Amino acid sequence: MKKIVLTGGGTAGHVTPNLALLPLLKEHGYDIRYIGSYNGIEKKLIENAGIPYDGISSGKLRRYFDLKNFSDPFRVIKGYTEALRIIRKFKPDVVFSKGGFVAVPVVLAAKHYKIPTIIHESDITPGLANKICIPSARKVCCNFPETLAYLPADKAVLTGSPIREDLLKGDRLSGLQFTHLSPDRPIILVIGGSLGSVKVNTAVRNILPRILEQFQVIHICGKEHLEDSLIGTPGYVQYEYVDKPLKHLFAAADMVISRAGANSICELLALRKPNLLIPLSAAASRGDQILNAKSFEKQGFSAVLEEENLTDDSLLQAIQEVYRNRQTYINTMEQTAQTNAAETIVQLIDDLSNGS
């Protein structure tokens, strides 16, 4: 039996693509183990999927001053030692890394034992963890055409992001039954990310009466971001978090308002959902969501409204324009080849595990 180690963690975005690969890897006969941090978000997600999990020490490598900069290198060294031990014992044929700082010691340990590694970079420009790992990788997968310019030409492969197969099996009627919304009026699904987005939540709620004149709204607003005063508003439902029924909510939605995290927008592409992206501002991030959003806008997959330009009128106008042009967005998304990511990546894994 072929063996593979998956790694990646720190945020859900570093884990969900690995989860999306699991069914196909099992179908191809792989014995799978996961290496993540001791208590990161990845631990619960992977253990819930029934995959053997090994935790290692993890430290963040920062570009700015922080007292933890003095202690975290020792955590990384400890993690590297632990990863060496796990890989020596498991003897994988290949390692697949989705990134995050916990992946760095794993990729370096694989290099020590001459085990081929594939990295997946979600954003347009590689993050620091992946920059450290790229020299040790055989192949580097990416989501955006623009990313190819930042990667070694002999390693770069434009794959898109693996999408959970289950997400593609949503049922519109089930979504309507779950939300108790009407089939006779269009539905907007608003998603602020795994932790919610105060700015997106506030912007939508500020103009909710105007939105509800034409649309119904499903609002996934994040933990502790429910608005009690809006409970029972006709045509509006809100949830802190949705897990298994999410596929049905996507199926029920006519358009989506979302942040521009790479995995989220790749899911919208795979689902062919007309969408309005409101990327996290450069002031609150390294600007990767803005670049992601602009790439999707350039390719004709999305409309973009940057936070700096977010007003009541601009949001309502953008919503109306996306809905009016929804079929154009759908047609463009249907022409892309970037939605077979899982198959493409598993083929790369097969090639390396077979010595190609």
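Which residue's side chain meets that of Lys2 in a salt bridge? Select Lys2 together with Asp350: their side chains form this salt bridge, with an N to O distance of 3.3 Å. The pair links distant parts of the chain, since Lys2 belongs to strand E1 (residues 2-7) and Asp350 to helix H14 (residues 341-353), 348 residues apart. Asp350 is buried, with a relative accessible area of 8%, whereas Lys2 is partly exposed at 24%. The model in the viewer is a predicted one, and the stops below concern that model.

**Further salt bridges**

The salt bridges of this model come to 10 by count. For another of them, select Arg259 and Glu307, where the closest N and O atoms are 2.5 Å apart. Arg259 lies in the loop between strand E11 (255-258) and H10, and Glu307 in the loop between strand E13 (303-304) and H12, so this salt bridge ties together parts that are 48 residues apart in sequence. Both Arg259 and Glu307 are buried. Add Lys199 to the selection: salt bridges with shared partners join Lys199, Arg259 and Glu307 into one network.

Next, select Lys169 and Glu165, whose side chains also meet in a salt bridge, at 3.3 Å from N to O. Glu165 is partly exposed, with a relative accessible area of 47%.

**Helix H12**

Select residues 312-324, which make up helix H12. At 1.5 Å a residue, the 13 residues of H12 should span 18 Å, and the end C-alpha atoms are 19 Å apart, which agrees. Which residues of H12 are buried? Colour Ser314, Leu315, Leu316, Ala318, Ile319, Val322 and Tyr323 to display them.

**A positive patch**

Show the surface and select Arg85, Arg88, Lys89 and Lys91, which gather there in a patch of positive charge. Of this group, take Lys91 for a separate view: Lys91 is placed in the loop between helix H3 (72-90) and strand E4 (94-97). Lys91 counts as exposed because its relative accessibility is 58%, and the cut-off for that class is over 50%.

**Two residues with positive phi**

Most residues other than glycine have a negative phi. The next two selections are to be viewed with this in mind.

Select His180 in the loop between helix H6 (172-179) and strand E8 (187-191). The phi of His180 is near 60°, a positive value in a residue other than glycine. Is His180 buried or exposed? His180 is exposed, with a relative accessible area of 70%.

Move then to Glu224, in the loop between strand E9 (216-220) and strand E10 (236-239). Glu224 is not a glycine, yet it has a positive phi of about 65°. Glu224 counts as exposed, at 65% relative accessibility.

**Last stop: Pro274**

Select Pro274, found in the loop between helix H10 (262-271) and strand E12 (275-277). Pro274 is buried: its relative accessible area is 1%, and the cut-off for a buried residue is under 20%. To finish, add Gly29 and draw a distance between the two C-alpha atoms. How far apart are the C-alpha atoms of Pro274 and Gly29? They are separated by 36 Å, and the two residues are 245 residues apart along the chain.

Technical notes:
Residues numbered from 1 in each chain as written. Predicted model: local features only at pLDDT ≥ 70, side-chain atom pairs only at ≥ 80, totals over all residues. Heavy atoms only, no water. Helix = DSSP H or I, 4+ residues; strand = E, 2+ residues; numbered from the N terminus. Expected span 1.5 Å × (residues − 1). Buried < 20%, exposed > 50% of the residue type's maximum accessible area, 1.4 Å probe, protein only. Patch = residues over 30% accessible without salt bridge, like charges linked within 9 Å, V, L, I, M, F, W, Y side chains within 5 Å. Areas by Shrake-Rupley, 256 points an atom, 1.4 Å probe, with all protein chains shown as cover. Salt bridge = Lys/Arg side-chain N within 4 Å of Asp/Glu carboxyl O. Lys, Arg positive; Asp, Glu negative; His and termini not counted. Charge placed at Lys NZ, Arg CZ, Asp CG, Glu CD.
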